[in-house]
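Got the model open in your viewer? Here is a short walk through it, one selection at a time.

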Amino acid sequence: MRRLMAIWAGKLLTAAGRLAGKKSSASPGAVALKLCPTLIDDVNKRVRRKVIVTCGTNGKTTTNNLMCSALEAKGYKVLCNRLGANMTSGIATAYVQAADIFGRLSADYACLEIDEAYTPIVFKRIKPDIMIITNLFRDQLDRYGEIDITIDILKRAIAEAGRVKTVLNADDPLCVQFGREENADPVYYGISEKVLPQTDDTKEGRFCPICGEELDFNFYHYSQLGDYRCPKCGYSRPAPEYDVRNISLKTPMRFTINGEPMEVNYKGFYNIYNLAAVYAALDAAGESTDDFERVLESYKPQIGRMQEFSFNKPVILSLSKNPAGFNQAIATVNTDDRKKDVIIAINDLANDGRDVSWLWDVDFHKIENEKLKRLITTGIRVYDISLRFKYADIEVDMMTDSMKAAVTSALADDSEVVYILVNYTALYPTEAVLKSLEGGKRDE
């Protein structure tokens, strides 16, 4: 009875939240868990095939949602926390929303994005069959601390999970070590050719996770991702079972996975990793990958993943919440040859992390000035990000506490495209501003 009451309460809160214009991605589940703390403990019993979880610093939401879309395209019913609420409350919300009014939940697969810090907690209740780890970078220092803490948490989670197929990024030396864990049954995906210019990039994990020696890189893609080897103990990049080559970063991006050609209209080199992870996990689940390119054609990335809005010029919104993510967003901006305005919004609310010292680890000096028309800063920490640009010798043309004012100003000048780079809690308000301006344009 408590379980049924929890599901009803969660459904009512979901409906009320949506009427109020809210996402209702976590709070219904939080209330449901208070009414029935064991609500999500039976996920494994209610999923007929496999439970697939995705964690890692960057790319979780895109990877998890694309995995869900690929399985749904095959006709399966999938339990998924699509909106990126990746703690127990978010998983409970997905459960509540998928259950019927009699409390029954039935699914072929579960695709669950899980916050790294919550993996041991979730794995006590839900046992994954497949675990994707995308990458590990520094993120929210006041919450996670340094990467070593996150690594220890994930090792505990794998031990808690029991025997689990681990789908790991071969190019990340910090990820590859999880394949050595007793319960892990690893497969690897990676990019096996040099694609990007070998500039001096900030490397988060440049030391061997086994012996501590500095790694040698044959080449790298960004941060510590690349072809590496430890000169002391021999720890090195494994040959990936899912091998990406023949990459063209022009729009549309083209590449091959194990020789199979792919074409996608996404922006961002980093998205190739997300796509390769899903391809590998589908195969690990025993599903055919023959229709993978067709799935890519119909998939629309989640909000803020180089999301494009149509005005008198394109406006592109990108979530960039840590040094590695920002550096990749900057690289994507630089590949666009059009005259551009760039708006950057930085907040420091609880979900962002209060500590914004990570801004000094972002390679902002790499923003190419030749095509940069105007740089606009905003957000709660507008002065911090503006100061950071002063030390990068890049002039800030406008500072404002209003995203609407920033966007309106960028739309009024003669740039050809606008990029908006935001951290987490600035994402949804920025999307709301863009949609309201888009709606106003249509009403004129």
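Start by selecting S9 and S10, which make a hairpin with four residues between them. Strands here are DSSP runs of E, at least two residues long, and helices are runs of H or I, at least four residues long, numbered from the N terminus. S9 covers residues 242-248 and runs antiparallel to S10, joined to that strand by three bridges; two strands count as paired if DSSP finds at least two bridges between them. Show Val244 and look across: Ile257 in S10 stands opposite.

A word on the ground rules: this is a predicted model, where local features need pLDDT of at least 70 and side-chain atom pairs count only at pLDDT 80 or more, while totals for chains, interfaces and linings use all residues. Residues are numbered from 1 along each chain as its sequence is written, and side-chain values use heavy atoms, with hydrogens and water left out.

Stay on S10 (residues 253-257), where four of the five residues are buried, meaning under 20% relative accessible area with a 1.4 Å probe, protein chains only (over 50% is exposed, in between partly exposed). Now add S11, which pairs with S10 in the antiparallel sense over five bridges. These two form a hairpin as well, with two residues between them, and Asn258 in the turn has a positive phi of about 50 degrees. Along this pair, Arg254 sits opposite Glu263 in S11.

Zoom out to the sheet. Its nine strands are open and mixed in pairing, in the order S2-S3-S1-S4-S5-S6-S9-S10-S11. At the edges, pairing on one side only, are S2 (78-80) and S11 (260-264). For a parallel pair, select S4 (residues 130-133) and S5 (residues 164-169), with four bridges; Ile132 faces Val167 in S5 there.

Next, the packing. The largest nonpolar core (buried Ala, Val, Leu, Ile, Met, Phe, Trp, Tyr and Cys residues joined through side-chain atoms within 4.5 Å) has 72 residues, and Leu71, Phe255, Ile344 and Phe364 touch the most other members. Helix H10 (residues 270-284) gives the largest share, 11 residues. Another core, of 50 residues, lies apart from that one and includes Ala92, Val164, Ala184 and Cys230.

Last stop, the cysteines: how many disulfides does a search of the whole structure find? Zero, taking a disulfide as a pair of cysteine sulfur atoms within 2.5 Å. Select Cys111 and Cys68 to see why: the Cys111 sulfur has its closest cysteine sulfur in Cys68, 5.3 Å away, too far for a bond. Cys111 is buried, at 0% relative accessible area, and Cys36 is buried at 7%.
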